[in-house]
Amino acid sequence: MKKNWPLWEVFVRSKNGLEHRHFGSLRAADAEMALENARDVYTRRMEGISIWVVESKDITASNPENNGELFEPAQDKVYRHPTFYELPDELKHM
Amino acid sequence: MNKESLYDYILTIADNCLILGQRLGELCGHGPSLETDIAGTNISLDLIGQTRSFYQYAADIEGKGKTEDDIAFLRLEKDYKNCLLVEQPNDHFGYVIGRQYLWDTFYLLFLNELQNSSDETLSAIAKKGIKEVSYHRRFSGDWVKRLGDGSEESHLKMQEVVNGLWPYVDELFDMTGVSKELIKQGIAVDLSKLRETYFKQVSALLEEATLEVPERKYFVYGGKKGVHSEYFGYLLSDLQYMQRTYPNMTW
């Protein structure tokens with residue numbers, strides 16, 4: 001017999017207009033229980049207005065061993081950030 | 001309006017919240033899993049919060065300069081008017097859940113009526129409580145279904161819980177401590193009107209949980225008169241210990 005319930009990842013939207021963000025994980029027997037547990041564990045201090053849960057095994061993750069080829073090539077490509085434009089002073093919130 | 005009967009009436013509601021809150025609080029750090037531990041403690045805190053609102057109002061009504069803490073901590077056993085159901089011990093998680101569901105179902109029906117009370121304060125406390133208690137009932141009801149319709153062992157245990165707690169449910173509708181005058185004035189809820197809906201709702205959920213509704217027709221009463229079960233003294237000595245040992249302490 002398996003000793004633990006399956007692991008679930010919890011995503012919470014903290015207010016309208018913002019995206020769901022990963023808040024953490026927890027254990028639950030099924031999706032419904034995962035939602036209730038997430039409500040109790042992660043939103044009891046008014047952190048959220050919407051919750052997503054997804055079973056951890058359903059997430060496909062990149063392998064840290066491949067970080068070199070996946071992410072390092074981007075390190076010397078600063079020109080991919082739009083930071084080289086000269087902005088007029090009137091623009092305050094860019 | 002008779003102040004004394006309103007004061008008594010508030011206690012017949014609030015003492016349930018205090019004692020069940022204390023029972024659930026015993027589980028803090030001892031729940032079967034981190035998630036259910038926090039869930040139980042959240043429910044406990046909701047109930048203690050409601051208790052405070054009720055006791056603050058009761059202290060105002062009494063007008064003798066007492067605080068909510070005096071009412072919570074400095075009464076004798078027979079002065080607590082909670083029903084027997086909520087003081088039953090946390091024998092195992094099934095009892096915690098069963099007790100909670102049997103209480104939540106009643107309490108939600110009750111608050112739904114109390115929000116129409118002609119007493120504005122009681123109405124306001126009820127309105128705020130309804131959202132909290134709706135979630136409590138959802139949580140406890142889901143768990144009754146899970147355990148009832150779960151493994152063979154959980155089914156047996158849950159049935160044992162329902163059978164064991166059943167004798168205490170009719171006291172929920174006992175009108176001890178509720179004066180006729182308060183009902184006539186639209187302040188208090190006529191509990192007898194809730195009974196039928198209560199048993200209908202509970203039976204439906206038990207059936208869904210593949211549990212049998214006990215056929216037992218005799219029930220135990222006493223808590224509302226201040227005559228409590230043997231578990232109550234222990235609970236109270238835990239609850240009151242600090243105030244009794246170090247009077248007026250604060251932190």
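This report walks through a predicted model with chains A and B, starting with the sheet in chain A and ending with two unusual backbone angles.

**The sheet in chain A**

Let's begin with the strands. Chain A has an open sheet of three strands in the order β2-β1-β3, and the pairing is antiparallel. The edges belong to β2 (20–27) and β3 (50–55) of chain A; each has a single partner strand, so one side of each has no neighbour in the sheet. On average, and ignoring direction, neighbouring strands here are turned by 25 degrees against each other.

Now for how the strands are tied together. Strand β1 (residues 7–13) of chain A is joined to β3(A) by six bridges, and in one pairing V12(A) has I51(A) of β3(A) as its bridge partner. With β2(A), β1(A) pairs over seven bridges, again in the antiparallel sense. There, V10(A) has G24(A) of β2(A) as its bridge partner. β1(A) and β2(A) also make a hairpin with six residues between them, and G17(A) in the turn has a positive phi of about 95 degrees.

What packs on this sheet, then? Helix α1 (residues 31–42) of chain A does, touching β1, β2 and β3 of chain A. The direction of α1(A) makes about 130 degrees with that of β3(A).

**Where the chains touch**

Seven residues of chain B are in contact with nine residues of chain A. On the chain B side, α2 (34–62) and α6 (120–148) each supply at least two residues. The largest share there, four residues, comes from α2(B). By class, the chain B side divides into three nonpolar, two polar and two charged residues.

**Helices and cores**

α6(B) turns up again in a helix pair. Helix α5 (residues 93–114) of chain B packs with α6(B) at an angle of about 145 degrees, and their axes are 7 Å apart. The crossing of these two helices is left-handed. Their contact has 13 nonpolar, 11 polar and two charged residues.

α5(B) also matters to the count for the largest nonpolar core: that core has 68 residues, and α5(B) gives the largest share, 13 residues. Which members touch the most others? They are I10(B), A14(B), F54(B), A58(B), L85(B) and V144(B). Take L85(B): leaving aside neighbours within four places in sequence, its contacts include R99(B), L102(B), W103(B), L165(B) and Y168(B).

There is a second, separate core of 10 residues, which includes V12(A), M33(A), A38(A) and I51(A). Two of those names are familiar, as V12(A) and I51(A) are bridge partners.

**Two positive phi angles**

Most residues other than glycine have a negative phi. Here are two residues that go the other way, side by side.

| Residue | Phi | Where it lies | Other C-beta atoms within 10 Å |
|---|---|---|---|
| M46(A) | near 65 degrees | loop between α1 and β3 of chain A | 8 C-beta atoms |
| N248(B) | near 65 degrees | segment after α10 (232–245) of chain B | 6 C-beta atoms |

Are these residues buried or exposed? M46(A) is exposed, because it has 8 other C-beta atoms within 10 Å and 12 or fewer counts as exposed. N248(B) is exposed too, with 6 such atoms.

Methods: Residues numbered from 1 in each chain as written. Chains lettered and ligands numbered in written order. Predicted model: local features only at pLDDT ≥ 70, side-chain atom pairs only at ≥ 80, totals over all residues. Pairing = 2+ DSSP bridges. Axes fitted to C-alpha atoms, helices over the stretch in contact; angles between N-to-C directions. Contact = placed C-beta atoms within 7 Å. Nonpolar A, V, L, I, M, F, W, Y, C, P; charged D, E, K, R; others polar. Left-handed = near helix turned anticlockwise from the far one by under 90°. Core = buried A, V, L, I, M, F, W, Y, C linked by C-beta atoms within 7 Å. Buried ≥ 20, exposed ≤ 12 C-beta atoms within 10 Å, placed from the backbone.
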